[in-house]
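The exercises below are meant to be worked with the sequence and the 3D view side by side. Try each task before reading the solution that follows it.

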Amino acid sequence: MKFFVYHTPELAPANILPDCAIVVDVLRATTTIATALNVGAEAVQVFSDIDQLMQVSEKWPADKRIRVGERGGAMVDGFDLGNSPLSCTPEVVKGKRLFMTTTNGTRSLERVQAAAVVLTAAFINRRAIVEYLMTKTPETVWVLGSGWEGNFSLEDTACAGAIAQNLVNEMGYPLDDFAGNDEVFAAISLYLQWQNNLFELLNHASHGQRLLRLGSYEDLKYCAQTDILDVLPMQKEPGVIVKSDIKKQSLQFWMEAPKT
Ligand code: MLT
């Protein structure tokens, strides 16, 4: 496995795609996606463009759709929810499709939506992503941070490091063979420095500070937790992300396969 980290979608190479692309937007799109799917949302369909979201969602039954949108951290006018993962309770989202547009996360997803496998990751579901990679061992993996309007964000690269570090530990890969670019070393170092203080890291992050100014302290606390949800969000058609049970099937197969 060759593992690459890109801090923002703009830094990923054009005209090629990996076998498996993992999009990260810890604050907050991919944390919200994991949370919504974990409590039974039917799917999350993502759009970078608000008008396109309105057109597509208009065709969906009104009692089965929720429009989730944020610009600059604040809810889009006329939408049902902003992008807080804490709004995604079973009462609100179960059985419904979330039509989501966000400032950065949905743009990253569009950048890699033609890859063979597209997953979304945050700290809260990091372990589910690692277990998928351990069982499927794709040849090339990209972790794509979402950043903020083209710029680096601390939290996304730290989450990329959390995935890489856990995988290297579990699989015993020599780091020089595993790392496809220098960013992998940087991401692991960042994660190792902050792994026991992720909430503090989110407080230092520029988008963390923006969210705090908007009163989203509880969101930061939630987004800073690691491995609390066993959910694997996977794209099933361009832009549509569902909860996948592939990881569980593979692990079960491993456990049941006759030992030779
Ligand atoms: C984004 O896509 O930029 C974020 O998810 C923003 C947010 O939720 O505050």
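**Exercise 1. The shell around the ligand**

Working on this predicted model, find how many residues surround the ligand, which of them are the closest, and how the shell divides by class.

*Solution.* Begin by collecting the residues around the ligand, which number 14, and note that the closest are N83, T102, N104, G105 and H207. Next, sort the shell by class, which gives 4 nonpolar, 7 polar and 3 charged residues.

**Exercise 2. Polar partners and enclosure**

Determine which distances separate oxygen atoms of the ligand from polar atoms of D25, R28 and A29, and then state what share of the ligand's accessible area the protein covers.

*Solution.* Start with the side chains: an N or O atom in the side chain of D25 is 2.8 Å from an oxygen atom of the ligand, and for the side chain of R28 the corresponding distance is 2.9 Å. Then turn to the backbone, where a polar atom of A29 is 3.0 Å from an oxygen atom of the ligand. On its own the ligand has 270 Å² of accessible area, and the protein covers 100% of it. As a last step, locate the site as a whole: the ligand sits in the largest cavity.

**Exercise 3. The surroundings of helix α1**

Explain why helix α1 (residues 29-38) is described as largely enclosed by the rest of the structure, and give the backbone feature found just after α1.

*Solution.* Apply the cut-off for a buried residue, which is under 20% relative accessible area. By this criterion 9 of the 10 residues of α1 are buried, so the helix is largely enclosed by the rest of the structure. The buried residues are A29, T30, T31, T32, I33, A34, T35, A36 and L37. Moving on along the chain, just after α1, one reaches G40, which takes a positive phi of about 105 degrees.

**Exercise 4. Two residues to place**

For H7 and V168, decide in which element or loop each residue lies and whether each is buried or exposed.

*Solution.* Take H7 first, which lies in the loop between β1 (2-6) and β2 (20-24). With a relative accessible area of 14%, H7 is buried, and its side chain is joined to that of T157 by a polar contact of 2.8 Å. V168, in turn, is found in helix α6 (residues 154-171), and with a relative accessible area of 14% V168 is buried. Finally, compare sequence with space: V168 and L27 are 141 residues apart along the chain, and their C-alpha atoms are separated by 25 Å.

Terms used:
Residues numbered from 1 in each chain as written. Predicted model: local features only at pLDDT ≥ 70, side-chain atom pairs only at ≥ 80, totals over all residues. Heavy atoms only, no water. Near = heavy atom within 4 Å. Polar contact = N/O pair within 3.5 Å; in protein donor to acceptor, adjacent residues only side chain to side chain. Areas by Shrake-Rupley, 256 points an atom, 1.4 Å probe, with all protein chains shown as cover. 1 Å grid on protein atoms, 1.4 Å probe; cavity = no way out; pocket = protein on both sides within 12 Å on 5 of 7 lines; lining within 4 Å. Sits in = over half its atoms within 2 Å of the grid points. Nonpolar A, V, L, I, M, F, W, Y, C, P; charged D, E, K, R; others polar. Buried < 20%, exposed > 50% of the residue type's maximum accessible area, 1.4 Å probe, protein only. Helix = DSSP H or I, 4+ residues; strand = E, 2+ residues; numbered from the N terminus.
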